[in-house]
Amino acid sequence: MSTPEPSNTAASAPTAPTAATASSSESSSELRVIEDATCTFCGCVCDDMELTVEGNRITKAKNACVLGKAWFFNHHIEDRPEALIDGEPAGYDAAMDRAAEILLSAKFPLTYGLSDSTSEAQRVAVAITDWIGGIVDTTTSVCHGPSGIAFQGVGEVTCSLGEVKNRADYVIFWGGNPAESHPRHFTKYSLMPKGEFVPRGRKDRTAVLIDVRKTKSAKAADHFLQVKPRRDFELAWALRALAHGLELDESIEETTGIKLEKLHEIMDGMKRAKFGVILFGMGVTMTRGKHLNSEAILALTRDMNQHTRWNAKPMRGHGNVTGADNVVTWSTGYPFGVHLGSGFPRFNPGEFTASDVLARGEADAALIIASDPMSNFSQPARDHLASIPSVVLDPKLTDTARTAAVAFTVSTYGINTGGTVYRMDDVPIPLRPAFESPFKSDLEILRGIESRIRKIQLADVSLDKSDETAAGVA
Amino acid sequence: MGVGLSLAEASIDLGDGGCENCSLATISRDVIVMQESFILIPGRTSRQGTTLNEGKSTAGYIEEISTLQMAAEDMQRLELEDGDLVRVYNDVGEITVPCKAARGDELPPGLLFISYGDQSSRLMGGDTHGSGMPDSKGLDVFLELATAPTTTAAPSSESPE
């Protein structure tokens, strides 16, 4: 196996790193095959990729799904400057100096994004936020943040995808469309694979899809329950009642759009299962009710364990959004939306979450890593973000990077940069990068910013002590 | 629902009345416009995922996140054809996008779908109700032909496009 070291060899040229690109091309012009590479596009984090690399491009991606192929084939080295300061090309050193200035002079800075970066970089981002007394929030808050809130309310009876593969004989997909969002989930983990206790694979499993739309995923399911929009909570609560053996009024059919007879059939199947799992998506968390919807599904899962083994797991979108949850949790005690400005961590979704602090016009600077809120946040949040100085790290020139005071061009994690990511079931997986990039990684840029911030802060402390000493002598 | 969208010359005052899913608004030039209420589901699609990697400024991505899918029954009832421009709006914002019929029975009548992105986010409010998550799916919206004059019920701001 030919696996290059993680990229740490960025050029120091202030603008387009032509020399570095040429050097990189020269050293990697031969055709190489990277085995067991990891795709970081979605939360499946498939680690069985076989990549063919020609120069600075991946030309084949064996085992990759349609999304994975698009990910690998479209992340090549772009002819861009190392950084932009107020829209003008700049070198990394000047940009890191300016970034440190911006973040240190802010009173209520926000760190946001992180779901498409390595956990090593995420860790430094949390540290920076701590040093500057800001808020650290991740794309989880607009993804499965409500599920994170629900975990604290009712807990999470859960398992790994390996257990799903080897044991699950009853699989419910709720509020998600894996056929389009996680194309290999069915074949690699949840439906098709033959497992230790499901030796016939798909034939040994019952699959249910619950959604408001009859998506492409419906074809893969044995039962499709077309729930009325915004009725997921009521459906989960109805199933909870049936799990407890309670009678349901027929009005539940009008409420949920699903026949009572069908609900009984599903519950009977759930009770007969040896190992069931509910894999729920953002159809649950993004709809009115949010964390209450997740809580209802988690409570249903808990209740089902009175009968047989049942688990629940959120279907996570971005490649390392689960890593962001893990890193922020083991760093601060909370998974997202954490305020570190009081000298201790405070968690309060709605108060310390990115969408809120931007839409309310509270944050006065932002550090945004691997995310593009300028193209997917609410308009009030976008308007405010455009009005404050921001520091942005992204391999692509996104709308967010275009409005940044400092925009760093960085290498792509998993393709150019090694490190660790967490699969959607909280399993950490190492990356095997395919080819080197002349651009620095998120980790290198964040470390550079952190060291500058600390240098300035420690100098200020020394200065204060000198003043005190001088005053004492006087 | 059940009444087709149409423009009609009229001068009578219909007040605020309307059926469950539609309402009539008096607008300039004595024209009455039928507005229909729908529930909008923004979501991921395979094409959105692939074109996202090609670039957010590519024609494929922009087309994917800017095309509204409707149930064929709704389109037929509203006398809409694939490619017709429709204006979708709520109390937060508005977008004007082409519509097309959803595949088969993917969407039930009354439901709209658009690929998650810049356009769908313009209909998303800043309030998260203390959750950190704005209402991002299951949005109440009104829909009308984009060629119709602006209604009195529409948000005062111009399209942010």
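How many helices and strands does chain B have? In this predicted model, chain B has 4 helices and 8 strands. The briefing below covers the make-up of chain B, a charged surface patch on chain A, and the state of two cysteines in chain A.

**Chain B: elements and burial**
- Read from the N terminus, the elements of chain B follow the order β-β-β-α-α-β-α-β-β-β-α-β.
- Chain B comprises 161 residues, of which 53% are buried.

**Chain A: a negative surface patch**
- Asp460(A), Asp464(A), Asp467(A) and Glu468(A) form a negative patch on the surface.
- One of these patch residues, Asp460(A), lies in helix H19 of chain A, which spans residues 442-473.
- Asp460(A) has a relative accessible area of 40% and is therefore partly exposed; this value is over the 30% that a patch residue requires.

**Cysteines and disulfides**
- Across all chains, the structure contains 0 disulfides.
- Cys39(A) takes part in no disulfide, and the nearest cysteine sulfur, belonging to Cys65(A), is 6.1 Å away.
- With a relative accessible area of 8%, Cys39(A) is buried.
- Cys46(A) is likewise in no disulfide; the nearest cysteine sulfur is that of Cys44(A), at 5.0 Å.
- Cys46(A) has a relative accessibility of 6% and so counts as buried, because the term applies under 20%.
- A disulfide requires two cysteine sulfur atoms within 2.5 Å, whereas the nearest cysteine sulfur is 6.1 Å away for Cys39(A) and 5.0 Å away for Cys46(A).

Methods:
Residues are numbered from 1 along each chain as its sequence is written. Chains are lettered from A and ligands numbered from 1 in the order in which they are written. This is a predicted model: local features need pLDDT of at least 70, side-chain atom pairs count only at pLDDT 80 or more; totals for chains, interfaces and linings use all residues. Side-chain values use heavy atoms; hydrogens and water are left out. Patches are made of residues with over 30% relative accessible area and no salt bridge: like charges are joined within 9 Å, nonpolar side chains (Val, Leu, Ile, Met, Phe, Trp, Tyr) within 5 Å. Accessible areas come from the Shrake-Rupley method with a 1.4 Å probe; for residues, only the protein chains shown count as cover. A salt bridge is a side-chain nitrogen of Lys or Arg within 4 Å of a carboxyl oxygen of Asp or Glu. Lys and Arg count as positive and Asp and Glu as negative; His and the chain ends are not counted. The place of a charge is taken as NZ of Lys, CZ of Arg, CG of Asp or CD of Glu. Buried means under 20% relative accessible area, exposed over 50%, partly exposed in between (1.4 Å probe, protein chains only).
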